[in-house]
Every structure is written in structure tokens, then in C-alpha cells.
Amino acid sequence: MPQRETTLTEFIIGEQRKAPGATGGFTALLNDIRLACKRIAHVVGKGALAGVHGRTGTHNVQGEEQQKLDLLANDIFLSTNEWGGHLAGMVSEELEHPYRIPAEYPRGRYLLAFDPLDGSSNIDVNVSVGSIFSVLACPEGASGEDERAFLQPGTRQVCAGYAIYGPTTMLVLTLGRGVHGFTLDREIGEFIHTHPDLRVPEETSEFAINTSNSRFWEPAVKRYVDECLAGRSGPRGKDFNMRWIASLVAEAHRILMRGGVFLYPRDERESGRSGRLRLLYEANPIGMVIEQAGGRASTGYGPALEIAPQGLHQRTGFVFGARREVERIETYHRDYNERPYDAPLFAARGLFRGANGG
Ligand code: MN
Ligand code: MN
């Protein structure tokens, strides 16, 4: 039999054939998502040549400043996915309410939630950005224009993934049977199945957190980071490296490829109490990918995918990566939930002594 590379389309059709009762609608939906990502990759790759860099002067529903590319990527996602007839509704980071699919298009049985451009504040400095997507089944009898249809825990996702627009464009996908990576071959215009069965490495000595928030961290997070920083002579008995890209997709991709742990925990700021990342179109899809790759996705206190969402743009603390590392962080949250952390082991050398009052 002649050997040749497998495309994303072939992979999806192959998966569909394995799933009893699956219909072609799901395959067609994924083809549209794939096309949206290719279109966004094209615009992002043009950079300043496309004349779409810079801010719009407007803010989204979460009060974040919108970049021109945020809105362009949002339009691409909506217009590429609205016509196919497979969706009952769409929710985007950039829209306050569910998107109303134009009346001339048929409705389907799936719901799509997405962050059209993740890490967009990094666009002007040419750092990797991405798109994140989550597919849910629309509950029987529900309207995809009603936000309650989308308020399902992440465990109910039927598919999730992201595209990363870096030196190469990749699409990383899970249909609930492992995680697969596809690299865009620009000459033939197709994603090629280059990374079958991705697994988060079990051992790690890398962590990613925004330490400029350290004075607001909860005791469990202070302890975890202090212990990493203590290195070989500390309780972990090894040196750690720190990474911080400030682009969720890029952080998730690094952890999928070579391991590590990421923390954007809830903290003690008024604005940080419920965390920073959005549950429906950031934490849930990234969490499903990480868990399907053998890692763990948590709020710090428990499984992120089990949260019952209360709102479309609900935020959550988010900790994910190597399973045992995340479980350790959850243990610290249980230990220090009720009492202050006074850095007993590191009083002399804790970087965050001031914040601990020690
Ligand atoms: Mn984002
Ligand atoms: Mn975004």
C-alpha cells in the first residue's frame, strides 16, 4: 500500500467512521473550523503588510482593549462557521451575547464557543498567538441563541482544540480519544497529521506564572512557587526553570510538547477573586486537550472541567499541566485553605517574604 501523509480531513473522517452513530455534520463542522483557522493564520502571517495591526479604541464585554485583529479573527470565525448548517449557536470572547445565526442558514445540533485570537496583546511584538475552540451538543429543545444552552461543564465537550500561529501554524485537536497535532503545509493548503497521540510528559522542572501578581497570591501558590525557586537544596530537590509568554495557547502548546505546569490562579485582588481566564472558551477547551493528553486541568481546588458555568464569560483560576504537579498544587490548596502560609521552610530565602509578612 502506498504510504503518504494523512490530512486533518482524512483523520476526522477516519474518527467519524470509528464512532457509531456519528453523522457527517460533525465532520463538516470541523472542516469549517479548520478553514477559519487557516484564514486567520493567513492574516496573522501577513503582519503589518495586511494593515491590520494596532488597536481599535474599543473594548470587549470584559473591558479588554480590542485589537483590530481580534475583531477580524472574530468575523472570520463567525462567517466561516455560520452558513454550514451544523451549528445551533456560537459564543465568542468578543461578543456579549450568543451570536444570532442569520435566518437564511439552517440550524444544526452543535454549539461552538471560541476565543478567536488568544494572546492578541502579543501581536505587535510577533509572539505566537492562537485561536481556541470548544464544541458542545445543543441540549434537546434548547435554542442556540439562549445563553443557558452553553452553560455546560467542560466534561460535556464533544471536541476541543486550538490553532497556534507561530513559526509554523499548527492545529491541535481532541475528539475525546487522545490529542492529535496537525501542521499546516502552506504549499498544499492542508493540515498534515504530524503529531499523533500527544502526551504531557509526566516529569517536569518548568513552571509558568506571572510573578508580578505574587503579592496577591493565595498561600498555596506562594508555597508552590517558593519550593520551585528553592531548587536543588529545597524540598523538591531539583532546580526549576520559569517561563511566561502571557499567551494561553503558547503556554499550553509548550506544556503539551515538553511538559511543565501553568498557573493563573485566582488571587486576593478584588478583580482576581474568580481568576483571570474565561471558562467556556479558554479553560474548558485547553483543559480537555491537556486531560486527554494525560495531564490535569484544575482550578487549583479541583477539576476545572467539572465547574457548572453560571455565565458565558465567567472567569476561573486555572492550573494545568503535568498531572502529579497539578495534584501537588491542589494538595497545597487543601492544606492552606484555612490558615495563612508563613513560609516556615524559607523564611531566610523566600523571594516573596515581604508578601508573606515574614
Ligand atoms: Mn484569550
Ligand atoms: Mn482573544
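1. Let's start with one contact worth opening in the viewer: Glu64 and Arg278 make a salt bridge, and their closest N and O atoms sit 3.5 Å apart. Keep in mind while looking that this is a predicted model.

2. That pair belongs with the domain layout, so to speak: the protein chain splits into domain 1, covering 8-195, and domain 2, covering 206-347. Measuring over C-alpha atoms, the centres of domain 1 and domain 2 are 25 Å from each other.

3. How many salt bridges are there between domain 1 and domain 2? The count comes to three. Polar contacts between domain 1 and domain 2 add up to 16 residue pairs, with both residues at pLDDT 80 or more.

4. On the domain 1 side of this contact, at least two residues each come from strand E3 (87-92), strand E4 (110-118), strand E5 (129-137), strand E6 (159-165) and strand E7 (169-174). The make-up of that side is 23 nonpolar, 18 polar and seven charged residues.

5. As for the extent of the interface, 48 residues of domain 1 touch 31 residues of domain 2. Together the two domains bury about 2800 Å², and 65% of that is on carbon and sulfur atoms.

6. Now the metals. The manganese ion (ligand 2) takes its protein donors from Glu93 (OE), Asp115 (OD) and Leu117 (O), at 2.0 to 2.2 Å. Along the sequence, these donor residues follow the spacing E-x21-D-x1-L.

7. Which residue bridges the manganese ion (ligand 2) and the manganese ion (ligand 1)? Asp115 does, and the two ions are 3.8 Å apart.

Terms used. Residues numbered from 1 in each chain as written. Chains lettered and ligands numbered in written order. Predicted model: local features only at pLDDT ≥ 70, side-chain atom pairs only at ≥ 80, totals over all residues. Heavy atoms only, no water. Domains from an automatic or database assignment. Contact = heavy atoms within 4.5 Å. Buried area = accessible area lost by both parts, 1.4 Å probe. Salt bridge = Lys/Arg side-chain N within 4 Å of Asp/Glu carboxyl O. Polar contact = N/O pair within 3.5 Å; in protein donor to acceptor, adjacent residues only side chain to side chain. Helix = DSSP H or I, 4+ residues; strand = E, 2+ residues; numbered from the N terminus. Nonpolar A, V, L, I, M, F, W, Y, C, P; charged D, E, K, R; others polar. Donors = N, O, S within 2.8 Å, 3.2 Å for Na, K, Ca; no water.
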